[in-house]
Amino acid sequence: MIKGTGVDLCSIPRMKLHIRSEKFLKRVFSEEEISFALSKACPEQHFAGYYAAREALAKALTLGLWDMGLKNAWVVHGKMGEPQFSFNDILIKILAERGISKAWLSISHERDMAIAFVMLEA
């Protein structure tokens with residue numbers, strides 16, 4: 001049973017400006033996300049996707065991004081390179097209280113935009 005859906009877009013050029021700040025990177029992204037994105041030719045594309053994923057998750061949970069917390073969820077990559085969420089204990093508790101057992105995530109990039117779609121399942 002679907003418990004929530006969310007979608008978000010993030011400007012890749014705008015993210016390119018923000019990631020110049022190490023303070024911004026450390027405030028918003030996990031070490032794993034930073035390491036993965038910076039190993040790529042176009043890191044801003046990955047950071048924009050990660051940020052859109054957080055926003056889409058907050059929307060699916062019907063929470064504001066700041067209420068959900070920037071560092072309570074982050075993107076990891078599965079065995080086939082697919083994006084997946086990892087959650088800290090705070091968000092695991094929120095998901096459990098809402099009867100959510102799975103969070104599906106899709107991220108895509110096209111030209112100047114990154115998009116993320118999240119579906120929460122019971």
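A pocket is an open set of grid points with protein on both sides within 12 Å along at least five of seven lines, and its lining residues have an atom within 4 Å of a point. I wrote this down before opening the structure, which is a predicted model.

**Entry 1. The largest pocket**

I first asked which residues line the largest pocket. The lining consists of D8, L9, C10, S11, R14, M15, H18, F24, R27, Y51, E55 and W66. I then looked up which elements give two or more residues to this lining, and found β1, α1, α2 (22-28) and α4 (43-60). Strand β1 gives the most, with 4 residues.

By character, the lining divides into 6 nonpolar, 2 polar and 4 charged residues. For the volume I noted about 170 Å³ of space in the largest pocket. As a general remark, rolling a probe the size of a water molecule over the atoms shows where empty space is left.

**Entry 2. The nonpolar patch**

I next turned to the surface, where V7, L9, M113, I115 and F117 form a nonpolar patch. Together these residues have about 410 Å² of accessible area. I noted that L9 appears here and also in the lining of the largest pocket.

Which strands each supply at least two residues of the patch? They are β1 (2-11) and β5 (113-121). Strand β5 gives the most to the patch, with 3 residues.

I took M113 as one member to examine, and its place is in strand β5. M113 counts as partly exposed because its relative accessibility is 33%, and partly exposed lies between the limits of 20% for buried and 50% for exposed.

**Entry 3. Salt bridges**

I recorded 4 salt bridges in the structure and looked up three pairs, among them one within a single helix.

The side chains of K26 and E22 meet in a salt bridge, at 3.1 Å from N to O. Both residues lie in helix α2, 4 residues apart, which is about one turn of the helix. I checked the exposure of each partner. K26 counts as partly exposed at 44% relative accessibility, whereas E22 is exposed at 53%.

The second pair I followed is E33 with R54, whose closest N and O atoms are 2.6 Å apart. This pair links distant parts of the chain, with E33 in helix α3 (residues 31-38), R54 in helix α4, and their positions 21 residues apart. Are E33 and R54 buried or exposed? Both are buried.

The third pair is E110 with R111, with the closest N and O atoms 3.8 Å apart. E110 is exposed, because its relative accessible area is 54% and the limit for exposed is over 50%. R111 is likewise exposed, with a relative accessible area of 76%.

**Entry 4. Positive phi angles**

In general, most residues other than glycine have a negative phi. I therefore looked for residues that depart from this habit.

R111, already noted for its salt bridge with E110, has a positive phi of about 50° although it is not a glycine. Its place is in the loop between β4 and β5.

T62 also has a positive phi, of about 55°, and it is not a glycine either. I found T62 in the loop between α4 and α5 (65-68). T62 is exposed, with a relative accessible area of 67%.

**Entry 5. Distances across the chain**

I closed with three C-alpha separations, beginning at L17 in helix α1 (residues 12-18). L17 is exposed, with a relative accessible area of 53%. The C-alpha atoms of L17 and E33 are separated by 17 Å, and the two residues are 16 apart along the chain. E33 is the residue I had met in the salt bridge with R54.

A96 lies in helix α6 (residues 89-97) and is exposed, with a relative accessible area of 56%. How many Å separate the C-alpha atoms of A96 and L61? The separation is 12 Å, for residues 35 apart in sequence.

Last, I located S108 in strand β4 (residues 102-110). S108 is partly exposed, with a relative accessible area of 39%. The C-alpha atoms of S108 and Q45 are 9.3 Å from each other, while the residues stand 63 apart along the chain.

Technical notes. Residues numbered from 1 in each chain as written. Predicted model: local features only at pLDDT ≥ 70, side-chain atom pairs only at ≥ 80, totals over all residues. Heavy atoms only, no water. Patch = residues over 30% accessible without salt bridge, like charges linked within 9 Å, V, L, I, M, F, W, Y side chains within 5 Å. Areas by Shrake-Rupley, 256 points an atom, 1.4 Å probe, with all protein chains shown as cover. Buried < 20%, exposed > 50% of the residue type's maximum accessible area, 1.4 Å probe, protein only. 1 Å grid on protein atoms, 1.4 Å probe; cavity = no way out; pocket = protein on both sides within 12 Å on 5 of 7 lines; lining within 4 Å. Points joined across faces, edges and corners; volume = space filled by probe spheres on them. Nonpolar A, V, L, I, M, F, W, Y, C, P; charged D, E, K, R; others polar.
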